[in-house]
Amino acid sequence: YEWDGLSEVLLYPQDFGRDYSFESRDLAGQAHAWGTVILSVPSLRESFAHPDDGFHVGLHEFAHLLDMEHGRHADGIPAGFPGGVEREWLELMGAEMERLRRGRSVIDSYGSEEPQEFLAVAVEAFFEMPLEVRRHHRRLYEILRDYFRQDPAAWDEVTSARG
């Protein structure tokens with residue numbers, strides 16, 4: 001699968017409002033279907049300063065781009081899933097969102113609000129807290145591992161073994 005959904009990244013000097021001004025500061029990032037991602041530099045720095053807390057504004061917004069590729073309506077299904085995996089993802093997403101609502105998940109509860117937010121926080125957790133996600137949400141971890149062709153839990157295991 002080839003991805004060409006990113007056209008530009010705008011870095012703002014601080015959090016911003018829905019009108020893109022700095023008078024209101026309720027957004028740390030935003031992704032647009034036409035391929036633009038806006039990121040607050042302080043929030044992005046904070047994301048890198050705490051690499052294992054499950055929060056990363058860059059990962060979150062880029063996950064939204066995968067969801068909205070080529071102008072698609074955001075539905076929580078990243079572009080490029082094969083048909084069978086897409087059906088399984090939908091079932092898994094529903095079950096995991098319910099776990100979030102009940103407080104029985106290591107993934108941020110913001111993911112229980114909408115499917116597109118579930119995808120974004122699941123991607124954040126997958127890369128930021130891979131061992132916990134693999135331990136508590138094995139199938140979710142496996143699907144994201146296969147999709148991204150990355151195994152961040154294995155990276156953490158190697159780092160821990162050296163430690």
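In strand β3, Ile38 is the bridge partner of Leu10. The model in which this pairing appears is predicted. Ile38 of β3 is also the bridge partner of Gln30. Both pairings belong to an open sheet of 3 strands, ordered β1-β3-β2, with mixed pairing. The edge strands are β1 (8-12) and β2, each of which pairs on one side only. From one strand to the next, the twist averages 10°.

The two pairings of the sheet run in opposite senses, as the bridges show. β1 and β3 run parallel and are joined by 5 bridges. β2 and β3 (residues 36-40) are antiparallel, paired over 3 bridges. Strands of a sheet pair through backbone hydrogen bonds, in either a parallel or an antiparallel sense. Within the antiparallel pair, Ala31 stands opposite Val37 of β3. The hairpin of β2 and β3 has 4 residues between the strands. In this hairpin Gly35 takes a positive phi, near 105°.

Strand β3 is mostly covered, with 5 of its 5 residues buried. Its side chains divide between two directions. Thr36, Ile38 and Ser40 point one way from the strand. Val37 and Leu39 point the other way. All of these residues are buried.

Two helices lie across the sheet. Helix α1 lies across β1 and β3, and runs at about 80° to β3. Helix α2 lies across β1, β2 and β3. The angle between α2 and β3 is about 165°.

Ser43 is placed in helix α1. Its relative accessibility is 17%, so Ser43 counts as buried, the limit being under 20%. Beyond its neighbours within four places in sequence, Ser43 is in contact with Asp15, Ala28 and Val57. Val57 is itself one of the buried residues of α2.

Helix α2 is mostly covered: 9 of its 11 residues are buried. These are Val57, Gly58, His60, Glu61, Ala63, His64, Leu65, Leu66 and Asp67. The buried set thus includes Glu61 and Asp67 as well as Leu65 and Leu66. The cover over the buried residues of α2 includes the strands β2 and β3. It also includes the helices α1, α4 and α6.

A further buried residue, Glu96, lies in helix α3 (residues 83-101). Glu96 has a relative accessibility of 5% and therefore counts as buried. Residues up to four places away in sequence aside, Glu96 touches Phe118 and His137.

The largest pocket holds about 620 Å³ of space. It is lined by 26 residues. Nearest its centre lie Gly29, His60, Glu61, Tyr110 and Glu117. The elements that give two or more residues to this lining are β2 (29-31), α1 (41-49), α2 (57-67) and α4 (115-128). By class, the lining residues divide into 9 nonpolar, 9 polar and 8 charged. Two of the residues nearest the centre of the pocket, His60 and Glu61, are also among the buried residues of α2.

The second largest pocket has a volume of about 300 Å³. It is lined by 14 residues. Closest to its centre are Gly80, Asp146, Tyr147, Phe148 and Arg149. Helix α6 (residues 138-148) gives the most to this lining, with 6 residues. The lining comprises 9 nonpolar, 1 polar and 4 charged residues.

In helix α6, the buried residues are Leu140, Tyr141, Glu142, Ile143, Leu144 and Tyr147. Tyr147 is also one of the residues closest to the centre of the second largest pocket. After α6 comes Arg149, with a positive phi near 55°. Arg149, too, is among the residues closest to the centre of that pocket. Helix α6 thus takes part in two settings: it gives residues to the second largest pocket, and it belongs to the cover over the buried residues of α2.

Conventions. Residues are numbered from 1 along each chain as its sequence is written. This is a predicted model: local features need pLDDT of at least 70, side-chain atom pairs count only at pLDDT 80 or more; totals for chains, interfaces and linings use all residues. Side-chain values use heavy atoms; hydrogens and water are left out. On a 1 Å grid over the protein atoms alone, a cavity is a set of points where a 1.4 Å probe fits but cannot get out, and a pocket is an open set with protein on both sides within 12 Å along at least five of seven lines; lining residues have an atom within 4 Å of a point. Grid points are joined across faces, edges and corners, and a volume is the space filled by probe spheres set on the points. Ala, Val, Leu, Ile, Met, Phe, Trp, Tyr, Cys and Pro count as nonpolar, Asp, Glu, Lys and Arg as charged, and the others, Gly among them, as polar. Two strands pair if DSSP finds at least two bridges between them. Axes are lines fitted to C-alpha atoms, for helices over the stretch in contact, and angles run from 0 to 180 degrees between N-to-C directions. Contact means heavy atoms within 4.5 Å. Buried means under 20% relative accessible area, exposed over 50%, partly exposed in between (1.4 Å probe, protein chains only).
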